[in-house]
Amino acid sequence: MDFSSVKMVVSDMDGTLLNSNHEVSDRFFELFPKLAQNGIRFVAASGRQYDSIIDKLQPIKNEITVIAENGGFAMEGSTEIVSTPLASDKQYEILELLADIPDINTVLCGKKCAYIAKDASNFLQKLKEYYSSYQTLPELKAHHGELLKIAIYHPESSERYIYPAVAHLNGDLMVKISGPNWVDISSPNAHKGHALQKVQSLYGIQPSETMVFGDYFNDLEMLALADYSFAMANAHPDVKKEAKHSTNSNDDFGVERVLEKLLHINPGTMGS
């Protein structure tokens, strides 16, 4: 496959660049300077909080573009590129609806901080993996201020136990199954595709010059913006149908293996 036209690489985080231990490999960090040397921009695009993405990519944080909160927020260094907040009247409508769904944990996602209910202390360890900056509130309806999205977690299956109860909001809002346990609700324009279009436009980069990696439904819009779209081996079957290409799993260096081909590096010669 000829990758000579690629000028931008975009990767989802969980299930894609991160392995099952939520780690970025040394192999990727060794490859990154070679991307930069070849004039190829790197974009991290995730449903995670901005601070959480930066924590995972600390060594290169000043050299990358970050699309956070499923596209609701994007930064290039200290410069804000995208901010698409959730309408304040919708926040309360969503919370009313979620009150009737059993066994869930709800996270209010702001630019600088996430918020959970004080009685959700048993959820804190899971929360900390995705939201490094958070506060507890007496109750979520006590929050006043701008939010980028509302994230809902179910310990068994988001597709089975959350999505059917909120799917009817699609259209007025963006409702995305963003992982096996998560559903995200945001403004209709707050998705990774919208944010990536802004980044592509900023740098004059076309879909024919873009490579994207993803694994779940919240990656579909950005996969559609790349001629070189890759689904991970561990991706949801519906995502595999939409991507033009496939690669190994997130636990088998799926992203790194393609980047080595992009950079003409013999596989396995980098760190693990």
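This briefing describes two sheets, the helices that lie across them, and one buried residue. The model is a predicted one. One open sheet has eight strands, and another open sheet has six. Helix 11 lies across strands of the eight-stranded order, while helix 4 lies across strand 6, strand 9 and strand 11.

**The eight-stranded sheet**

- The strands of this open sheet follow the order 5-4-3-2-1-12-13-14, and their pairing is mixed.
- Strand 5 (79-83) and strand 14 (245-246) are the edge strands, and each of them pairs on one side only.
- Strand 12 and strand 13 are paired in the parallel sense, with four bridges between them.
- Within this pairing, V212 is found opposite S229 of strand 13.
- Strand 13 (residues 228-231) is also joined to strand 14, by two bridges, and these two strands run parallel.
- F230 has H245 of strand 14 opposite it, and A231 has S246 of strand 14 as its bridge partner.

**Strand 13 and the link to strand 14**

- Y228 and F230 point to one side of strand 13, whereas S229 and A231 point the other way.
- Are these four residues of strand 13 buried or exposed? Y228, F230, S229 and A231 are all buried.
- Helix 10 (residues 237-242) forms a β-α-β unit together with strand 13 and strand 14, and the unit is right-handed.

**Helix 11 and helix 2**

- Helix 11 (residues 254-262) lies across strand 1 (8-11), strand 12 (210-214) and strand 13.
- Relative to strand 12, helix 11 runs at about 165°.
- Two packed helices are described by the angle between their axes and the distance between the axes.
- The axes of helix 2 (residues 26-37) and helix 11 come within 10 Å and cross at roughly 30°. Because angles under 35 degrees count as roughly parallel, helix 2 is roughly parallel to helix 11.
- The crossing of these two helices, helix 2 and helix 11, is left-handed.
- Which residues of helix 2 meet helix 11? They are R27, F28, L31 and L35, and in helix 11 they meet E256, R257, L259, E260 and L262.

**The six-stranded sheet**

- This open sheet has the strand order 8-7-6-9-11-10, again with mixed pairing.
- Strand 8 (134-137) and strand 10 (174-179) are at the edges; each has a single partner strand, so one side of each has no neighbour in the sheet.
- On average, neighbouring strands here are turned by 25° against each other, with direction ignored.
- Strand 6 and strand 9 (residues 149-153) run antiparallel and are joined by five bridges.
- N105 stands opposite Y153, a residue of strand 9.
- Helix 4 lies across strand 6, strand 9 and strand 11 (182-186), and its direction is at about 10° to strand 9.

**I101, a buried loop residue**

- Where does I101 lie? I101 is in the loop between helix 4 (88-98) and strand 6 (105-109).
- The relative accessible area of I101 is 11%. Since buried means under 20%, I101 counts as buried.
- With neighbours within four places in sequence left aside, I101 is in contact with Y161, A165 and V166.
- I101 and I40 are 61 residues apart in sequence, and their C-alpha atoms are 44 Å apart in space.

Conventions. Residues numbered from 1 in each chain as written. Predicted model: local features only at pLDDT ≥ 70, side-chain atom pairs only at ≥ 80, totals over all residues. Heavy atoms only, no water. Pairing = 2+ DSSP bridges. Contact = heavy atoms within 4.5 Å. Axes fitted to C-alpha atoms, helices over the stretch in contact; angles between N-to-C directions. Buried < 20%, exposed > 50% of the residue type's maximum accessible area, 1.4 Å probe, protein only. Right-handed = clockwise from strand over helix to strand, strands pointing away. Parallel < 35°, antiparallel > 145°, perpendicular 65-115°, else oblique. Left-handed = near helix turned anticlockwise from the far one by under 90°.
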